[in-house]
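Ready for a few warm-up exercises? Have a look at the model below, try each task yourself, then check your steps against the solution.

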Amino acid sequence: MADPKETVSSSPRRPPEGAIPVKLKVNGKDYDLRIDPRTTLLDCLREHLHLTGSKKGCDHGQCGACTVHINGRRMNSCLIFAAMHEDDEITTIEGLGQPENLHPMQAAFLSHDAYQCGYCTSGQIMSATALLKEPCGPADADVKECMSGNICRCGAYPNIVAAIQSVRQNKEKSA
Amino acid sequence: MKTFELTRATDGAQAIASAAKSKTAQQGADIRFIAGGTTLIDLMKLNVETPQKLVDVTRLPLDKIDNLPDGGLSIGAMVRNSDLAHHPLVQKNYRVLSEAILSGATVQLRNMATTGGNLLQRTRCMYFRDTAMPCNKREPGSGCAAITGLNRGLAILGTSEHCIATNPSDMNVALAALEATIHIRGPKGERSVPIADFHLLPGNTPHRETVLEPGDLITHVTLPPPAPGSRSLYIKLRDRASYEFALASAAVVVTNSGGKITRARVALGGIGTKPWRSPEAEAELTNQSASEEVFRRAAEVALRNAKPQSQNGFKVELAKRCLVYALKAATQAA
């Protein structure tokens, strides 16, 4: 894990031609980077910051495996140039919870067995946690609609919906 | 992806001056504005778009939704689709717009996509997106692979022998029915273009999709005040229930006064090379009874000039039924 304010070289071998300086704030930490302007936020997170929880599925904004939060809103990090998000608060699955301190949504995915291979899971959880603050109706059908940007090729959908609904109901009870 | 220079615009004039140096504002532009990126970055990854310079306009102060003195609404070009769809004034007065936006893409994409960008959304024609194939829109003069190829999802209205690509946007269809005006700032000053004139038919120049010239920046979109007593809604038919482009869609704004239609605005999506307003259907509905027979007549005239391709003949009847269904829903007792 990088130290706060660490300067990370974009390549351990040699800086690429045309690299530009970019400051990013990810999971509360500041990073000074030199990256190619073509670098998507997803590639930046994975290849430069070594935050590999966000996954690359389609790389075209169709599958949702790369979902992260920018200023609290969920977005597809594969369709975003990292260099356009200086001054923004970026949150990845690594910033949501840790193994010893799970976010309630992560715990619900565990207890509801809401995954099989797990490749889409971080994107599903990033979408699901954002959904808690969005205008999403109460029914399972509403959740399915709001989660349609996250594809699960194993077909864990019923348990994903159940996990999300359990967190929403617990939130309601505690509210 | 081809490499590019990225600059961040701090004011509109600077952004316009930068982009005015582009050879074109249409397909193949060497300088592009970038906002949400949901279309542009996708196409850059496919090498369909290869700009040498990107001007990031996301920090320009164009992200407000404001009431207008005449009772209409002003929507900044940088307003995100999610914010527009969920805005209380849009939900109250322009329901068709909210429904259209929420029927398209996903929450993640709607959180990224902007009003200005959605107006410029590019076709999903697979031949446009595949640089190995001929496409007159992508590469003028190379031919159209879709006419003799896989054209199930493509257009039946407004096509030419050079291009049958569908305008994929849902938002644009609602804006057409609402008679929105597009406000543009360019190197020569400001101008306003009715949405009906903003998108171009493919004709002999399918690579030209809008009236935009180099340096032209969409600043905002205005909507006229809601028609008194009108109801509006959006019906979208597609292969799956969510996250899919329309095979046919209908945006209607109808005033029903005691069973008689006094005013109607109709636009169709998924079937046209541009957002397809149908003045013919509107004329057929106006001052007629709100009956299925009248709705069917309106649908017939709206599709009268349909020119189906080898695989999309079903869209003619589908679009008619879609419009009839939308009109019935919009005129039913609340």
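**Exercise 1.** Find which strands of chain B helix 1 lies across, and at what angle it runs to strand 2 of chain B.

*Solution.* Start with helix 1 (residues 12–19) of chain B: it lies across strand 1, strand 2 and strand 3 of that chain. Here contact means heavy atoms within 4.5 Å, while helices (H or I, at least four residues) and strands (E, at least two) are DSSP runs numbered from the N terminus. Next, take the angle: the helix runs at about 150 degrees to strand 2 of chain B. Axes are lines fitted to C-alpha atoms, for helices over the stretch in contact, and angles run from 0 to 180 degrees between N-to-C directions.

A word on the ground rules: this is a predicted model, where local features need pLDDT of at least 70, side-chain atom pairs count only at pLDDT 80 or more, and totals for chains, interfaces and linings use all residues. Residues are numbered from 1 along each chain as its sequence is written, chains are lettered from A and ligands numbered from 1 in the order in which they are written, and side-chain values use heavy atoms, with hydrogens and water left out.

**Exercise 2.** Work out the strand order of the open sheet in chain B, and say why strand 1 and strand 2 each have one side without a neighbour.

*Solution.* First, the order: the three strands go 1-3-2, with parallel pairing. Strand 1 and strand 2 (31–34) of chain B are at the edges with a single partner strand each, so one side of each has no neighbour in the sheet. On average, neighbouring strands are turned by 25 degrees against each other, direction ignored. Now zoom in on one pair: four bridges link strand 2 of chain B to strand 3 (residues 53–56) of chain B in the parallel sense. Two strands pair if DSSP finds at least two bridges between them. One thing to look up is B:Arg32, whose bridge partner in strand 3 of chain B is B:Leu54.

**Exercise 3.** Trace what strand 4 of chain A pairs with, and decide whether its residues are buried or exposed.

*Solution.* Strand 4 (residues 67–70) sends A:Thr67 and A:His69 one way and A:Val68 and A:Ile70 the other, and all are buried (under 20% relative accessible area; exposed is over 50%, partly exposed in between, with a 1.4 Å probe and protein chains only). Then follow the bridges: four of them join strand 4 to strand 5 (residues 73–76) of chain A, and the two run antiparallel. Across that pairing, A:Ile70 stands opposite A:Arg73. The two strands make a hairpin with two residues between them, and A:Asn71 in the turn has a positive phi of about 50 degrees. Strand 4 of chain A is also joined by two bridges to strand 6 (residues 89–91) of chain A, again antiparallel. There, A:His69 has A:Thr91 as its bridge partner.

**Exercise 4.** Place B:Met1 and list its contacts beyond its sequence neighbours.

*Solution.* B:Met1 sits in the segment before strand 1 (5–8) of chain B. It counts as partly exposed because its relative accessibility is 28%. Leaving aside neighbours within four places in sequence, B:Met1 touches A:Arg38 and A:Phe81 from chain A, plus B:Ile41, B:Met44, B:Lys45 and B:Asn47. Finally, check B:Asn47: its C-alpha is 6.0 Å from that of B:Met1, though the two are 46 residues apart in sequence.
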